[in-house]
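Dear colleague,

Please find below the structure that I am handing over to you. My notes on it follow directly after, and I would be grateful if you could read them with the model open.

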Amino acid sequence: MTSGNAPTFASIMFLTGVGIPILAALNGGLGGRLGSPMAASAILFGLALLVALTGAVATGALGDIRFSADIPFHFYFGGLFVAFYVISVTFIAPRFGVGNAIFFVLVGQLTSAAIIDHFGLFGAQRFPVDTARLAGIALMVAGVWLARRTG
């Protein structure tokens, strides 16, 4: 990452983070109104596919959509994680609360991101976890927990 792109990247990822609880609330509400979290998830994925295909056509990347033996198989599993997230949050958020659901999503993201960064898994850049980073992650978890506490 070049330092000149950092503010733009940070802004986009902030907006992505803003969208995650909105997605949970909207898709949970759609699932409730339809009487089926699976139907709501199917609608979400249908719209997402339409947007992704439109983007692929607009950027000339449609021909790049393929399964290839020269790409390690595990790189294709991202779609399974997206499906698991969407279906889980669509079912759980209305029953557990959007904030509570997202709290545990954030704790999972912090944990997983630190492990991926530390070991450079899946071809990611390696950023070893040291004491300062562990303390920062612990403070983030504590902060999110304090923000979500009731009573």
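The notes below begin with the chain as a whole and then turn to one helix.

Please bear in mind that this is a predicted model. The chain contains five helices and zero strands, so ordered that its elements read α-α-α-α-α from the N terminus. Along the principal axes, its C-alpha atoms occupy a box of roughly 45 × 40 × 30 Å.

Of the 151 residues in the chain, 15% are buried. The exposed surface comes to about 10,600 Å², with 74% of it supplied by carbon and sulfur atoms. Among contacts with a separation of 6 or more, 49% link residues 24 or more positions apart. The chain carries 7 positive and 4 negative side chains, and 20 Å separates the centres of the two sets.

Helix 3 received a separate examination. This helix covers residues 78-96, 19 residues in total. From first C-alpha to last it reaches 25 Å, close to the 27 Å expected at 1.5 Å a residue. At valine 89 the helix bends by about 30 degrees. Valine 89 is also one of the buried residues of helix 3, together with Val86, Thr90 and Ala93. The cover over these buried residues includes helix 1 (6-34), helix 2 (37-59) and helix 4 (98-119). Just after helix 3, glycine 97 adopts a positive phi of about 100 degrees.

With kind regards

Notes: Residues numbered from 1 in each chain as written. Predicted model: local features only at pLDDT ≥ 70, side-chain atom pairs only at ≥ 80, totals over all residues. Heavy atoms only, no water. Helix = DSSP H or I, 4+ residues; strand = E, 2+ residues; numbered from the N terminus. Buried < 20%, exposed > 50% of the residue type's maximum accessible area, 1.4 Å probe, protein only. Contact = heavy atoms within 4.5 Å. Areas by Shrake-Rupley, 256 points an atom, 1.4 Å probe, with all protein chains shown as cover. Lys, Arg positive; Asp, Glu negative; His and termini not counted. Charge placed at Lys NZ, Arg CZ, Asp CG, Glu CD. Expected span 1.5 Å × (residues − 1). Bend = angle between axes of the 7 residues up to and from the residue.
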